[in-house]
Amino acid sequence: MKKQKFSLLVFLKNDTVAAVVCMMPFMIGFLAFLIVPMIQSLYFSFTDYHLIRPTYEYIGLANYRNMFRDPRFWSSIRATFYFVFGSVPLRLLFALIVALLLLKSSKMSGLYRAMYYLPSILGGSLAVVILWGRIFSQDGLLNEILGVVGLNRNFPWLGHPSTTIWTLILLAVWQFGSSMLIFLAALKQIPSSLYEASSIDGAGRIGSFFKITLPLLTPTIFFNLVMQTIAGFLAFTQAFVITQGGPLDTTRFYVLHMYQTIFQNNRPGEGAAQAWVMLLIIGGITLILFKTKRFWVYDGGF
């Protein structure tokens with residue numbers, strides 16, 4: 001019994017072995033559920049692969065050529081970029097405003113923070129997406145409210161090309177809770193002595209915000225910007241449930257287009273090619289953000 005305890009202590013004292021043992025569950029999952037499927041999808045993108053017919057005929061770059069020749073591929077690119085550049089700035093702006101409002105501690109602060117974070121938890125659920133679609137339907141709550149105040153109560157919010165995508169953008173903006181909590185945590189880390197010094201120098205609240213708060217928040221803004229941009233490019237549930245990509249493909253997001261290519265059109269090989277193009281697009285956008293980081297992100301500390 002003593003020998004077993006001694007050998008266990010020796011084993012645990014070996015930091016390298018202990019680290020490898022602790023990392024094994026993650027590494028196994030990382031290889032089995034991420035790296036191996038990625039390698040398989042890259043191989044499938046060069047084959048005439050079908051879900052029903054288990055054959056893998058190598059066809060070279062044919063899937064990529066067919067993808068770029070498809071007008072719906074380019075419409076999905078336009079819709080996705082429109083959604084990302086419309087929803088991400090608004091979500092971060094609302095998250096920062098609410099974080100500033102919740103910065104002051106009170107007895108109800110915990111409740112308010114939970115209430116504002118709740119949409120981020122529920123926003124991706126199927127039930128909330130369906131409810132959102134009902135609110136903006138032609139006989140939904142929004143048109144009923146407009147009818148009460150004497151405005152047009154029959155406007156097709158989900159059937160008009162210029163307004164449909166904005167209903168999905170508003171749904172994304174409504175899910176600002178996670179960014180808000182990150183902003184709130186960063187705001188609490190700013191030393192109060194900096195604000196005291198600025199007030200002595202005669203700076204007001206607006207001046208303190210632009211000279212102290214905003215510069216020191218730029219690393220947090222950058223983090224939220226990168227994470228929300230990646231999430232925006234992967235939007236799927238909203239368009240799939242509410243609009244199915246319509247009208248006129250204005251909400252045919254890239255992931256929705258990829259899903260329809262694979263499961264509705266039975267072209268998994270082309271869908272795998274689309275997935276790798278999306279990976280390159282997200283990687284390129286992220287690289288651009290990191291390249292511009294040195295021009296506007298303050299890394300000097302407090």
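## Notes on the predicted model

1. Aspartate 139 counts as exposed because its relative accessibility is 52% (exposed is over 50% relative accessible area, buried under 20%, partly exposed in between; 1.4 Å probe, protein chains only). Its salt-bridge partner is arginine 134, with the closest N and O atoms 3.5 Å apart (a salt bridge is a side-chain nitrogen of Lys or Arg within 4 Å of a carboxyl oxygen of Asp or Glu). Arginine 134, at 45%, is partly exposed.

2. A word on the basis of these notes: this is a predicted model, in which local features need pLDDT of at least 70 and side-chain atom pairs count only at pLDDT 80 or more, while totals for chains, interfaces and linings use all residues. Residues are numbered from 1 along each chain as its sequence is written, and side-chain values use heavy atoms, leaving out hydrogens and water.

3. The structure has three salt bridges, and the one between aspartate 249 and arginine 72 deserves a look, at 3.2 Å from N to O. Arginine 72 belongs to helix α4 (residues 71-102) and aspartate 249 to the loop between α12 (237-243) and α13 (254-264), so this pair ties together parts 177 residues apart in sequence (helices are DSSP runs of H or I, at least four residues, and strands are E runs of at least two, numbered from the N terminus). Aspartate 249 is buried at 18% relative accessibility, whereas arginine 72 is partly exposed at 40%.

4. Another of the salt bridges joins arginine 267 to glutamate 270, whose closest N and O atoms are 2.8 Å apart. Glutamate 270 is buried, with 4% relative accessibility, and arginine 267 is partly exposed, with 31%.

5. I would also check the loop between α12 and α13, where proline 247 sits. The peptide bond leading to proline 247 from glycine 246 is cis, with omega near -5 degrees. Glutamine 244 is placed in that loop too; although not a glycine, glutamine 244 has a positive phi of about 55 degrees. Its relative accessible area of 47% makes glutamine 244 partly exposed.

6. Asparagine 266 is a residue other than glycine with a positive phi, near 55 degrees. Look for asparagine 266 in the loop between α13 and α14 (268-296), where it is partly exposed at 23% relative accessibility.

7. Helix α11 (residues 205-233) spans only 36 Å between its end C-alpha atoms, against 42 Å for a straight helix of 29 residues at 1.5 Å a residue (the expected span is 1.5 Å times one less than the number of residues). There is a bend in α11 of about 50 degrees at threonine 218, and proline 219 follows within four residues (the angle is between axes fitted to the seven residues ending there and the seven starting there).

8. On the surface, Met23, Phe26, Met27, Phe30, Leu31, Leu34, Met38 and Leu279 make a nonpolar patch of about 680 Å². Helix α2 (residues 15-44) gives the most to this patch, with seven residues. Methionine 27, found in α2, is partly exposed at 31% relative accessibility. (Patch residues have over 30% relative accessible area and no salt bridge; nonpolar side chains, Val, Leu, Ile, Met, Phe, Trp or Tyr, are joined within 5 Å, and like charges within 9 Å. Areas are Shrake-Rupley values with a 1.4 Å probe, and for residues only the protein chains shown count as cover.)

9. Finally, glutamine 175 lies in the loop between α8 (161-174) and α9 (177-188) and is buried at 14% relative accessibility. Glutamine 175 and alanine 95 are 80 residues apart in sequence, with their C-alpha atoms 9.1 Å apart in space.
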